[in-house]
Amino acid sequence: MDETIAKFIEMGYSIEMIGRAVEETGGENPEPMLILETLFKISTSSEASSSKSKLIDELIGMGFSEESVIKVIQEHGEENLEEITNTLLSYAEAEKMRGTENEDINNNYLSDDNDDDGNLYSGLSSSDEENELNSFHEDGRLQDLIKMGYPRKEASIALERCGEIASLAEIVDFIFAAQMARQLDEFWAAPEVQERRINEPPSRRRKLNTDMATDEELIRLPNPMIGFGVPKEPGLITERPVPIPNIALGPPYFYYENVAMTPKGVWDKMSSHLYDIKPEFVDSLYFCAAARKRGYIHNLPIKNRFEIQPTPHYTIQEEFPLTKKWWPPWDKRTKLNCVLTCIASAQLTNRIRKRLEKHEGDPAVQKDVVDQCKKWNLVWVGKNKAAPLEPYEMERLLGFPNNHTRGISRTDRYKSLGNSFQVDTVAYHLSVLKPLYPKGIKVLSLFTGIGGGEVALHRLQIPMNLVVSVEISEVNRNIFRSFWEQTNQRGDLIEFTNVEELDDHKIEVLMDQYGGFDLVIGGSPCNNLAGANRVSRSGLEGDQSSLFYDYCRILEAVRRKASRMRR
């Protein structure tokens with residue numbers, strides 16, 4: 001036992017944490033692997049991360065000064081991590097803009113409430129200028145990683161594996177996952193552990209083998225991220241790499257969405273709970289002028305897909321033509337990064353203007369400014385004047401009708417849009433349903449949000465005869481209800497506020513009343529999955545992201561009932 005404790009200490013766990021894990025595991029001499037599993041749960045749980053001292057340590061570890069961290073937590077409290085991170089970033093940016101003109105821009109941390117896609121993408125074309133810009137930026141990322149304390153070799157491997165458009169947050173997550181995997185591999189390789197594992201029941205060994213899957217055994221993110229094919233790209237994939245199991249064939253059809261970059265093994269676990277269907281990973285930059293990396297698990301057909309009409313604009317300048325007049329030639333961007341839930345401050349954009357006026361034509365200043373524009377999705381609205389996207393501009397990028405979110409606060413509009421579907425991407429996948437349901441479709445919409453799935457069906461001109469919507473946010477429910485009324489939908493809209501309300505009995509009653517569902521669609525919260533969520537990134541066991549299991553529970557209840565109804 002003493003040797004096991006010593007090994008845990010070498011892995012970085014404190015005596016107090018090990019003692020707590022031993023106590024929670026129970027027994028006078030618990031198995032080391034059980035202790036280790038408990039240690040991981042403790043170290044990654046939101047409970048262990050919720051104290052103010054833990055939060056301060058986490059933020060200091062991210063590179064923020066202790067003085068700034070304490071000040072911001074006193075101002076905003078310790079509950080709203082997004083607000084804290086945004087404010088700290090603003091402080092950091094303000095300090096940098098006051099620095100010398102040759103100071104390197106620090107792109108270490110992107111604020112991302114429910115999204116991990118802060119990638120720096122400069123367009124689909126491959127001109128010399130853009131390649132040079134990407135190379136320059138990648139060198140900067142390597143230096144940032146080294147400054148953060150990561151060995152050069154690890155940082156270089158991570159950059160190569162994650163790709164040139166990955167954000168720093170994604171690369172840090174990759175390095176962290178690799179380090180944890182190595183620690184576990186070293187632990188399981190110990191002779192005393194191997195001896196105990198030989199005596200484990202087969203079912204227990206299988207579980208541990210699944211948990212300890214190597215990188216090669218885990219679902220990998222493709223590059224380019226085009227799923228089973230995207231329009232306007234050569235060499236489209238037209239077949240699933242692995243056929244859908246017979247037990248999962250539709251109807252009823254289902255469609256599940258979440259962020260692509262998650263902690264190690266999450267997509268494997270989600271796939272295993274959804275009939276072992278392999279995810280389709282797609283970046284929405286192939287459907288609009290902004291990136292949005294997402295994974296989709298579904299049993300929809302994939303042949304004869306078609307684009308939503310009218311087709312979207314694929315570049316910034318096409319989407320926002322008024323910016324062409326002011327767009328400087330040294331800003332080579334043709335695509336925006338992922339639309340997030342936060343925007344740059346007015347102070348930052350004002351400092352950018354002043355700096356460009358003071359150092360007109362300076363390539364170093366221009367490079368720094370482009371980095372900031374990429375990070376915060378700034379567009380040019382005047383001479384030397386960069387500005388964040390307005391809510392209505394985000395609506396256009398995401399494929400929603402004009403003024404879809406109008407009538408609520410700007411903060412709520414940004415938050416709701418940042419957590420939504422990209423409608424053009426989803427519509428491309430759902431387009432196969434149009435010939436199957438010419439007289440209309442009945443939809444069970446879980447975690448509806450602002451109705452991205454329903455907007456996609458509406459724009460595809462697929463009548464919605466029934467939508468049972470489950471959405472906890474009153475703001476989002478009001479937005480979706482307004483869309484339903486303003487578009488004169490003729491079907492029935494039934495609303496629930498929480499997926500936990502939708503038990504098997506209610507599902508059976510609804511299906512008996514309306515004759516079943518044709519489509520179950522939704523994306524559970526990604527609060528505990530997103531790349532920049534350092535404090536509560538606890539995977540599918542987190543308070544919010546564990547709602548994925550409710551999606552699975554409800555889907556299984558629908559499919560069981562549908563099977564009985566067909567008999």
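These are my notebook entries on a predicted model of a protein, from the whole chain down to one glutamate.

**Entry 1: the whole chain**

I began with the overall make-up. I counted 23 helices and nine strands in the secondary structure of the protein. Next I looked up burial, and 54% of the 567 residues turn out to be buried. For the surface, I noted that the protein exposes about 26000 Å², with carbon and sulfur atoms supplying 50% of that area. I also checked the contacts with a separation of 6 or more: residues 24 or more positions apart account for 71% of them.

**Entry 2: strand β3**

Then I went to β3, residues 293–298. How many residues of β3 are buried? I found six of the six, so the strand is largely enclosed by the rest of the structure. I sorted its side chains by direction: K293, G295 and I297 point one way, while R294, Y296 and H298 point the other way. Both sets are buried.

I looked up the pairing too. β1 and β3 run antiparallel and are joined by five bridges; in one of these pairings, Y255 has H298 of β3 as its bridge partner. β2 and β3 also run antiparallel, with four bridges between them. Here I noted V282 standing opposite R294 of β3.

**Entry 3: helix α19**

My next stop was α19, which spans residues 423–430. The helix is mostly covered, with eight of its eight residues buried. Among them are D424 and H429, as well as V423, V426 and L430.

What do the buried residues of α19 pack against? I listed strands β1, β2, β3 and β9 (519–522), together with helices α17 (391–398) and α20 (452–459). It was nice to meet β3 again here, as one of the elements packed against α19.

**Entry 4: E307**

Last, I followed the chain to E307, in the loop between β3 and α14 (316–319). Is E307 buried or exposed? I have it as buried, because its relative accessible area is 14% and the cut-off for buried is under 20%.

I then looked at what the side chain of E307 meets. One polar contact, at 3.0 Å, goes to the side chain of K232. Another, at 2.4 Å, joins the side chains of E307 and Y314. Leaving out residues up to four places away in sequence, I found that E307 touches P231, K232, P312, Y314 and Y428. I had already met Y428 among the buried residues of α19, and I was pleased to see it turn up again beside the glutamate as a contact of E307.

Methods. Residues are numbered from 1 along each chain as its sequence is written. This is a predicted model: local features need pLDDT of at least 70, side-chain atom pairs count only at pLDDT 80 or more; totals for chains, interfaces and linings use all residues. Side-chain values use heavy atoms; hydrogens and water are left out. Helices (H or I, at least four residues) and strands (E, at least two) are DSSP runs, numbered from the N terminus. Buried means under 20% relative accessible area, exposed over 50%, partly exposed in between (1.4 Å probe, protein chains only). Contact means heavy atoms within 4.5 Å. Accessible areas come from the Shrake-Rupley method with a 1.4 Å probe; for residues, only the protein chains shown count as cover. A polar contact is a pair of N or O atoms within 3.5 Å; within protein, one must be able to donate a hydrogen and the other to accept it, and residues adjacent in sequence count only if both atoms are side-chain atoms. Two strands pair if DSSP finds at least two bridges between them.
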